[in-house]
Amino acid sequence: MLRHNLYIAWKSMKRNRTLSALIVTGIALGIALSTTFAAARHAFARDPIPGKSRVLNYVRLDSWDPQKEYPAKNGPTVPTQITYRDMVEIMKSKIPVKQSGMFKTGLYVFPDPKAGRPFKETIRVCTADFFPMFLAPFQYGSAWDAKADANAEPVAVISKEMNEKLFGGGNSVGKTVRLEDRDFRVVGVLAPWTPNIKFYDPTQNFLVPPENIFIPFGLLIPMKLRTFGNSDGWGPSPQAPGFEGFLVSETTWIQMWVELPDAKAVAAYKGFLDAYATEQKKIGRFQRPLNNKVTPLLDFM
């Protein structure tokens, strides 16, 4: 009976091949979409960093246009990122156990000519706290220290894949990689790191793997680094031209994370942010009602 039904089906498909192809294609697309959706839903349902997800908090400040709310699909909210000038100020707080402002940029990598030709790579710009905050595992070496951030030292942490591409694998700590016009000393090589989602950057595609190169945030100004991620802005023309004007503008492009050990620390930090915004109101900024957010990782997702 099965062979007979298959034979009849085959004859029917041959009778109208175009329609049959369209039906089969539609079924295949439906299966592919439902499978992708199920996989993505499963990835988002899992705790991406068990044991730390409740102490990692994403920071947002409502520095938006006083004339209109920040546009969002699900109703009025606050910008998903913060300005550079605000990040610099709130990073002075001693309340978080660890903290990091971050963004991604793109730089040309110049390997040894024997290893390959120059190529452009997406790079994560962050502080030294990034690695212990998000439990990034190391195969060789370690993260840079806070002094490297403060002194804008040309150091880098690279992934296992980038280590193999540039140096053929093995311990490359102490070796040099050229990014744009600077030589960077490798201080650490990550072990294979494949979180189920890219949870530390809520503004981009969650399902892509982590970056292959990480450099200190202190290099932002010396190298005049620009974001390769999302940015939103409003307000009058920048107070200064070019890159300097961008840094003091109302453009939001920095992702800000803090590690707060308990509810008391969260409340204290929220109070700190509100006090900061209140001070900014005196100079004409933050003219909207106080609406700053300190959101645990799982709640934000």
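**Entry 1: strand E1**

I started at asparagine 57, which stands opposite proline 296 in strand E10. I noted that the model is a predicted one. Next I asked how E1 and E10 run and how many bridges join them. They run antiparallel, and 4 bridges join E1 to E10, residues 293–296.

Then I checked for a pairing with strand E9, residues 255–259. E1 and E9 also pair in the antiparallel sense, over 3 bridges. Here I found leucine 56 opposite glutamate 259.

How many of the residues of E1 are buried? I got 5 of the 5, residues 56–60, so the strand is largely enclosed by the rest of the structure. I looked at each face in turn. Leu56, Tyr58 and Arg60 are buried on one side. Asn57 and Val59 are buried on the other. Both faces of E1 are therefore covered, given that buried means under 20% relative accessible area.

**Entry 2: glutamate 259 again**

I went back to glutamate 259, the residue opposite leucine 56. Which residue forms a salt bridge with it? I found lysine 52, with the closest N and O atoms 2.9 Å apart. The pair links distant parts of the chain. Glutamate 259 is in strand E9, while lysine 52 is in the loop between helix H2 (17–45) and E1. They are 207 residues apart.

I asked whether glutamate 259 is buried or exposed. It counts as buried because its relative accessibility is 11%. Lysine 52 counts as buried too, at 12%.

**Entry 3: other salt bridges**

I looked up the total: the structure holds 15 salt bridges. I followed up some of them.

Glutamate 69 forms a salt bridge with arginine 288, and their closest N and O atoms are 3.9 Å apart. This pair also links distant parts of the chain, with the two positions 219 residues apart. I placed glutamate 69 in the loop between E1 and helix H3 (84–90). Arginine 288 is in the loop between H9 and E10. Glutamate 69 counts as partly exposed, at 44% relative accessibility. Arginine 288 counts as buried, at 13%.

Lysine 270 and aspartate 274 form a salt bridge as well, with the closest N and O atoms 3.1 Å apart. Where do these two lie? Both are in helix H9, 4 residues apart, which is about one turn of the helix. Lysine 270 is partly exposed, at 28%. Aspartate 274 is buried, at 18%.

I also noted a network of salt bridges that links Arg85, Asp86, Glu250 and Arg285.

**Entry 4: the nonpolar cores**

I turned to the nonpolar residues. The largest nonpolar core has 44 residues. Among those with the most contacts inside it are Ile90, Ile213, Ile215 and Tyr269. Which helix gives the most to this core? I found helix H9, residues 263–281, with 5 residues.

I picked tyrosine 269 and listed its contacts, leaving aside neighbours within four places in sequence. They include Val59, Ile90, Met256 and Val294. I recognised Val59 as one of the buried residues of E1.

A second, separate core has 25 residues, including Cys126, Ala128, Met133 and Val155.

**Entry 5: alanine 156**

Alanine 156 lies in strand E5. I read a relative accessible area of 0%, so alanine 156 is buried. What does alanine 156 touch, not counting residues up to four places away in sequence? Its contacts include Phe184, Val187, Gly188, Ile213 and Ile215. I checked the distance to valine 187. The two are 31 residues apart in sequence, and their C-alpha atoms are 6.0 Å apart in space.

**Entry 6: positive phi**

I looked at phi last. Most residues other than glycine have a negative phi. I noted two positive values.

Alanine 152 has a positive phi of about 50° although it is not a glycine. I found alanine 152 in the loop between helix H5 (146–150) and strand E5 (155–158). Alanine 152 is buried, with a relative accessible area of 16%.

Glutamate 180 has a positive phi near 55°. Where is glutamate 180 placed? Its place is in the loop between strand E6 (176–179) and strand E7 (182–190). Glutamate 180 is partly exposed, with a relative accessible area of 31%.

Note on methods
Residues are numbered from 1 along each chain as its sequence is written. This is a predicted model: local features need pLDDT of at least 70, side-chain atom pairs count only at pLDDT 80 or more; totals for chains, interfaces and linings use all residues. Side-chain values use heavy atoms; hydrogens and water are left out. A nonpolar core is a set of buried Ala, Val, Leu, Ile, Met, Phe, Trp, Tyr and Cys residues joined through side-chain atoms within 4.5 Å. Buried means under 20% relative accessible area, exposed over 50%, partly exposed in between (1.4 Å probe, protein chains only). Contact means heavy atoms within 4.5 Å. Two strands pair if DSSP finds at least two bridges between them. A salt bridge is a side-chain nitrogen of Lys or Arg within 4 Å of a carboxyl oxygen of Asp or Glu.
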